[in-house]
Amino acid sequence: MRNFVYILILTVTTLQAQTPMTAAEAVSFREKVSERATAVKTITSNFTQRKHLGFLSNDIVSGGKLAFKAPDKVKWEYTEPFEYTVVFRDEMLYINDSGKKSQVDMGSSKMFGTLNDLIVKSIRGDMFDDNKFSITYFKKEKRNEVRFSPKDESFKKHISAFLITFDTNGDVTGIKMTEPSGDYTHITFSNRTVNQPLDDAIFTN
């Protein structure tokens with residue numbers, strides 16, 4: 001369960017070097033990312049996860065492989081420093097902790113259901129829901145960043161903000177997640193491929 005928690009704990013980052021987008025730039029960027037998210041049916045990628053806890057001098061670093069298949073199948077396969085797998089499928093959460101398996105019915109929990117929806121949308125980059133988030137857009141030389149601050153008070157007790165980084169194509173290259181204490185999880189993606197065939201059998205645990 002520990003890595004699932006890591007995924008869901010979110011972060012805010014320093015924004016001083018960023019330039020806010022104009023309203024027109026934000027609309028154009030948002031349309032580009034939404035079109036890209038609609039077109040993406042599968043994703044495979046390596047990932048590196050850094051968990052920052054204020055009471056530790058060094059971040060906790062782990063890594064592995066991500067697989068996504070529309071509309072909502074997600075597999076996080078941690079390979080370093082230990083083997084751990086989390087699969088989101090059919091409103092269920094399946095966990096394999098070095099051979100010890102368990103599962104959670106996300107349909108019976110509003111919080112788990114919301115988190116699953118956010119994970120899927122954050123991987124695709126399509127989180128632009130003004131009813132659920134206060135959204136701010138920033139641009140940099142070779143990438144763009146969008147900060148999502150939850151409006152739901154109960155959700156804000158667990159997650160204070162998402163910061164998603166996009167490349168020039170509108171693909172997600174990183175997700176930072178912050179919890180109210182300031183601790184955060186930062187996930188960066190590499191060797192990403194999209195729309196390659198993925199068998200449903202991959203999303204088993």
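This passage describes the nonpolar cores, one surface patch and the salt bridges of a predicted model.

The interior is considered first. The largest nonpolar core contains 39 residues, and W76, F128, F148 and F162 are the ones that touch the most other members. Among the elements of the chain, helix α3, which spans residues 110-124, gives the most to this core, contributing 4 residues. The surroundings of F148 can be listed in detail. When neighbours within four places in sequence are left aside, F148 is in contact with M127, F128, F133, S134 and I135, and also with S160, A161, F162 and I164. Two of these partners, F128 and F162, are named with F148 among the residues that touch the most other core members. A second core, separate from the largest one, is made up of 6 residues, including A67, Y94, L198 and F203.

A charged residue is also found in contact with members of this second core. R89 belongs to strand β5, which covers residues 84-89. The relative accessibility of R89 is 18%, and R89 therefore counts as buried, since the limit for this class is under 20%. Residues up to four places away in sequence not being counted, R89 touches K73, Y94, F203 and T204. Of these, Y94 and F203 are included in the second core.

At the surface, F55, L56 and I60 form a nonpolar patch, and their accessible area together is about 290 Å². Within this patch, L56 is located in the loop between β2 (42-52) and β3 (60-69). L56 has a relative accessibility of 33% and so counts as partly exposed, a class that lies between the limits of 20% and 50%.

Attention now turns to charged pairs. Side chains of opposite charge can pair when their charged atoms come close. A search of the whole structure finds 10 salt bridges. One salt bridge joins the side chains of R30 and D130, with a distance of 3.0 Å from N to O. This pair links distant parts of the chain, 100 residues apart: R30 is in helix α2 (residues 23-39), whereas D130 is in the loop between α3 and β8 (133-139). R30 is partly exposed, with a relative accessible area of 23%. D130, at 40% relative accessibility, also counts as partly exposed.

In a further salt bridge, the side chains of K51 and E179 meet at 3.4 Å, N to O. Because K51 lies in strand β2 and E179 in the loop between β11 (172-178) and β12 (184-194), the pair ties together parts that are 128 residues apart in sequence. K51 has a relative accessibility of 2% and counts as buried. E179 likewise counts as buried, at 19% relative accessibility.

The salt bridge between K156 and E153 lies within a single helix. Their side chains meet at 3.4 Å, N to O. Both residues are in helix α4 (residues 153-156), 3 residues apart, or about one turn of the helix. K156 is partly exposed, with a relative accessibility of 34%, whereas E153 counts as exposed at 54%. Finally, salt bridges also link R36, D171 and R192 in a network.

Technical notes. Residues numbered from 1 in each chain as written. Predicted model: local features only at pLDDT ≥ 70, side-chain atom pairs only at ≥ 80, totals over all residues. Heavy atoms only, no water. Core = buried A, V, L, I, M, F, W, Y, C linked by side-chain atoms within 4.5 Å. Buried < 20%, exposed > 50% of the residue type's maximum accessible area, 1.4 Å probe, protein only. Helix = DSSP H or I, 4+ residues; strand = E, 2+ residues; numbered from the N terminus. Contact = heavy atoms within 4.5 Å. Patch = residues over 30% accessible without salt bridge, like charges linked within 9 Å, V, L, I, M, F, W, Y side chains within 5 Å. Areas by Shrake-Rupley, 256 points an atom, 1.4 Å probe, with all protein chains shown as cover. Salt bridge = Lys/Arg side-chain N within 4 Å of Asp/Glu carboxyl O.
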